[in-house]
Amino acid sequence: MDQFRRSLPRQFANWSGTYVIEADPEMRWRDCRVIDISSVGAGLELLDAPAEATEGHRIVIAIYMRGEIRNSRPAKDGRLRVGTQFIDLTDEDRERH
């Protein structure tokens, strides 16, 4: 897997989120920023990182994004498939992509 980690393209993200390190005795959710993302991983900036935030420990990440539903249609399995457009992006965010 390490060989793919460096060869897959990363997409700049700059998303706000929260995280918890599973080994953290407090199990406290803390703030983070997702810097970039690929199909196999993400680069994070951990704010107020606990001592347990070291290599080998597991992390749970929650990302919050706001969007507007731009189209919708029923899927074959009865679920609803929607396409969204992100809202609340700055001009700088829009120019990066």
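The following legends describe close-up views of a predicted model of one protein chain.

**View 1. Overall arrangement of the protein chain.**
The protein chain contains two helices and six strands. Read from the N terminus, its elements follow the order α-β-β-β-β-β-β-α. Of its 97 residues, 15% count as buried. The accessible surface of the chain amounts to about 7800 Å², and carbon and sulfur atoms contribute 49% of that area. Among contacts with a separation of 6 or more, 42% are made by residues 24 or more positions apart.

**View 2. The four-stranded open sheet.**
Four strands form an open sheet, arranged in the order β3-β2-β1-β4, with antiparallel pairing. The edges of this sheet are formed by β3 and β4, each of which pairs on one side only. From one strand to the next, the twist averages 40°. Strands of a sheet pair through backbone hydrogen bonds, in either a parallel or an antiparallel sense.

**View 3. Pairing of β1 with β2.**
Strands β1 and β2 run antiparallel to one another and are paired over seven bridges. Within this pair, glutamine 11 stands opposite isoleucine 37 of β2. Strand β1 spans residues 11-21 and β2 spans residues 30-37. The loop between these two strands includes arginine 28, a residue that reappears in Views 5 and 6.

**View 4. Pairing of β2 with β3.**
Five bridges pair β2 with β3, again in the antiparallel sense. A hairpin of four residues joins the two strands. Two facing positions may be followed here: valine 34 stands opposite leucine 44 in β3, and isoleucine 37 stands opposite alanine 42 in β3. Isoleucine 37 is thus placed opposite alanine 42 in β3 and, as in View 3, opposite glutamine 11.

**View 5. A network of salt bridges.**
Asp24, Glu26, Arg28, Arg30 and Asp48 are linked in a network of salt bridges. The count of salt bridges in the model comes to seven. Side chains of opposite charge can pair when their charged atoms come close. In one of the pairs, the side chains of arginine 30 and aspartate 24 meet with an N to O distance of 3.0 Å. Both arginine 30 and aspartate 24 are buried. In another pair, arginine 28 meets glutamate 26 in a salt bridge with an N to O distance of 3.8 Å. Glutamate 26 counts as exposed because its relative accessibility is 54%, whereas arginine 28 counts as partly exposed because its relative accessibility is 35%.

**View 6. The salt bridge between aspartate 48 and arginine 28.**
Aspartate 48 and arginine 28 form a salt bridge in which the closest N and O atoms are 2.1 Å apart. Aspartate 48 lies in the loop between β3 (42-46) and β4 (59-63), and arginine 28 lies in the loop between β1 (11-21) and β2 (30-37), so the pair ties together parts that are 20 residues apart in sequence. With a relative accessible area of 51%, aspartate 48 is exposed, because exposure requires a value over 50%. Arginine 28, at 35% relative accessibility, is partly exposed. Arginine 28 forms a salt bridge with glutamate 26 as well as with aspartate 48, and these three residues belong to the network shown in View 5.

Methods: Residues are numbered from 1 along each chain as its sequence is written. This is a predicted model: local features need pLDDT of at least 70, side-chain atom pairs count only at pLDDT 80 or more; totals for chains, interfaces and linings use all residues. Side-chain values use heavy atoms; hydrogens and water are left out. A salt bridge is a side-chain nitrogen of Lys or Arg within 4 Å of a carboxyl oxygen of Asp or Glu. Buried means under 20% relative accessible area, exposed over 50%, partly exposed in between (1.4 Å probe, protein chains only). Two strands pair if DSSP finds at least two bridges between them. Axes are lines fitted to C-alpha atoms, for helices over the stretch in contact, and angles run from 0 to 180 degrees between N-to-C directions. Contact means heavy atoms within 4.5 Å. Accessible areas come from the Shrake-Rupley method with a 1.4 Å probe; for residues, only the protein chains shown count as cover.
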